[in-house]
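Student: Please take me through this model one feature at a time. For each feature I would like the general idea, then the case at hand.

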Amino acid sequence: MTLRATVAELVREFRASGRIVIVGASLAGLRAAETLREEGFTGSLTIIGDEPYEPYDRPPLSKQVLKGWVPADHTKLPRMREVDADWRLGVAATGLDRATKRVRLADGEQVPYDRLLIATGTRARQWPNPTEAALQGVHTIRSRDDAEQLQKALAEPPSRVVVIGAGFIGSEVASVCRELGIPVTVVERGSAPLVGALGGVIGEIAAQIQRDHGVDLRCGLGVSSLEGDSGGHVRRAHLSDGTTVDADVVVASLGSIRNVEWLEGSGLAAGFWGVGCDAGGRAFDINGVVTDSIYVAGDVARAPHVLYEYQFLAMEHWDNAVLGAEVAAHNMVNLEPHYRPHLLLPGFWSGQFGVNIKSVGVPPFGDEIVFTQGSVEERRFAAAYGHRGRIVAAVTFDHGKWLEYYGKLIEQSGPFPPPPPGWDQPPDMKPMPAEFPDPRVPTAVPDVVLTGHAPSERTAEFRPRRH
């Protein structure tokens, strides 16, 4: 038998009787499982999740669920095909032994694998003071349970809501409050809402939209502490300028934390920004060596992107979870030259204050911005971001029909400023600084981040060459 035939037989044998474990009963985990079965994998498939629920859709949680339109338990993701998996729900992964190829669980069990997919995603960053975070009326929103509890609190309704952090989730929560007629104060450490994701120029527009809808927006401030009453219910927020805001619901929207703690000691390149991997989803170890049996997908993955100078990107986007999982699953049951790259052009959307905001590319990679279509005054426009003379991203407010055009320009490394399509060109098309803040500002970290690799994570010892 030739070497090629031997390798092909090994692949067939693995597809028939191999053991694959997916840690993360998430959107990425489910789509990966479906793709594995679609690719002909008929071996053992185990899906581990720390929540007791089967995979559900997260975008509706901060929108339709909070408004009361959809119950939180009606967000279960549809199955594209039967996955025939052993579901281990309600038990978290607590460790990984790469030498014996076993995942350790919180209940003491160890699950063996031949190949492993890490899709553990992120969790909401909690209010840093545990005593204050435990006050009744203090919420975060990331999980199904979070959304259900916050929806009940908003339905009472509260006298005032304080939202800490004006990123996309915080802004969407504030928008829901105004739709429900609830007074809301938004406290943002940065100069404006959405400033970390879209820059200061767009942030100022978002700020005006919020104020036009009756939001009490306080920028350039933090919340020093939360105060509760004798019954343990939050009643007041103390701000960094010495003022106070009375409220009986507080939503801490302080960004997310990637779920990588369980990988400590595993030797993988896992840290604050997630788990490093190549464009095919194969995980790196702490010295940058690609592993053969461990893959990463979804919010927890960070991989180099060819369009962004091969810098590592971590993307908390729905499409990234789906397409990244499909690529990783395909590569888990194939060998070269049949590997596929995950080269998704990032994109997101957000509905808030009656405006549909869409973006494509990586806005924080740009240092300039130009309005190319529509009218800022009417809150209906398209704008492009540039870096070193090429377009790297675009954002639209109620002007999403042209987003595909900008996406193609980005994929082709088109020029900046880009040639605008359509007829509704604004009178001033002069590029200006995009005004992105220092990403180290706590509430200014965007949902697409350029990560790199911290030298402190490296364990290789470099020795001088002896002559």
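Tutor: The dialogue goes through backbone geometry, annotated domains, nonpolar cores, a histidine, and empty space.

Student: What should I know about the source before reading values?

Tutor: This is a predicted model, in which local features need pLDDT of at least 70, side-chain atom pairs count only at pLDDT 80 or more, and totals for chains, interfaces and linings use all residues. Residues are numbered from 1 along each chain as its sequence is written, and side-chain values use heavy atoms, with hydrogens and water left out.

Student: How do I read the peptide bonds, and which bond before Pro157 is cis?

Tutor: Most peptide bonds are trans. Here the bond from Glu156 to Pro157 is cis, with omega near -5°. Pro157 sits in the loop between α5 (144–155) and β10 (161–164). Helices (H or I, at least four residues) and strands (E, at least two) are DSSP runs, numbered from the N terminus. Glu336 and Pro337 are also joined by a cis peptide bond, with omega about 5°. The loop between α8 (318–332) and β24 (347–352) holds Pro337.

Student: And phi? What is the value for Asp84?

Tutor: Most residues other than glycine have a negative phi. Asp84 has a positive phi, near 50°, and lies in the loop between α3 (64–67) and β3 (86–89). Asp398 is not a glycine either, and its phi is positive at about 50°. Asp398 is in the loop between β28 (390–397) and α9 (403–411).

Student: Are these two aspartates buried or exposed?

Tutor: Buried means under 20% relative accessible area, exposed over 50%, and partly exposed in between (1.4 Å probe, protein chains only). Asp84 has a relative accessible area of 57%, so it is exposed. Asp398 counts as partly exposed because its relative accessibility is 38%.

Student: Which residues does the record assign to domains?

Tutor: UniProt positions are given in the numbering used here, feature names are shortened, and annotations may be inferred rather than shown by experiment. The unreviewed UniProt entry places "domain: FAD/NAD(P)-binding" at residues 19–322. In the model, residues 19–322 are 22% helix and 31% strand, with the end C-alpha atoms 22 Å apart. The unreviewed entry also gives "domain: Reductase C-terminal", covering residues 348–416. Residues 348–416 are 13% helix and 52% strand, and their end C-alpha atoms are 21 Å apart.

Student: How is a nonpolar core read, and which residues touch the most other members of the largest one?

Tutor: A nonpolar core is a set of buried Ala, Val, Leu, Ile, Met, Phe, Trp, Tyr and Cys residues joined through side-chain atoms within 4.5 Å. The largest has 67 residues, of which Val161, Leu198, Ile202, Tyr308, Tyr385 and Phe397 touch the most other members. Helix α7 (residues 195–212) supplies the largest share of this core, 8 residues. A second, separate core has 27 residues, including Ile20, Ala25, Leu45 and Ala329.

Student: What does Leu198 touch?

Tutor: Contact means heavy atoms within 4.5 Å. Not counting residues up to four places away in sequence, Leu198 touches Phe168, Phe348, Ile357, Pro363, Tyr385, Val395 and Phe436.

Student: Where is His330, and what is it in contact with?

Tutor: His330 is in helix α8. At a relative accessible area of 6%, His330 is buried. Leaving aside neighbours within four places in sequence, His330 is in contact with Thr35, Glu39, His338 and Arg340.

Student: How is empty space found, and how many cavities of 30 Å³ or more are there?

Tutor: Rolling a probe the size of a water molecule over the atoms shows where empty space is left. On a 1 Å grid over the protein atoms alone, a cavity is a set of points where a 1.4 Å probe fits but cannot get out, and a pocket is an open set with protein on both sides within 12 Å along at least five of seven lines; lining residues have an atom within 4 Å of a point. Grid points are joined across faces, edges and corners, and a volume is the space filled by probe spheres set on the points. The structure holds 3 cavities of 30 Å³ or more, and the largest cavity has about 160 Å³ of space. Of its 18 lining residues, Cys277, Ala301, Ala303, Asn320 and His342 lie nearest the centre. β22 (301–304) gives the largest share of this lining, 4 residues.

Student: What is the volume of the second largest pocket?

Tutor: The volume of the second largest pocket is about 350 Å³. Its lining has 18 residues, with Val11, Phe14, Arg115, Met332 and Leu335 nearest its centre. α1 gives the most to this lining, with 6 residues.
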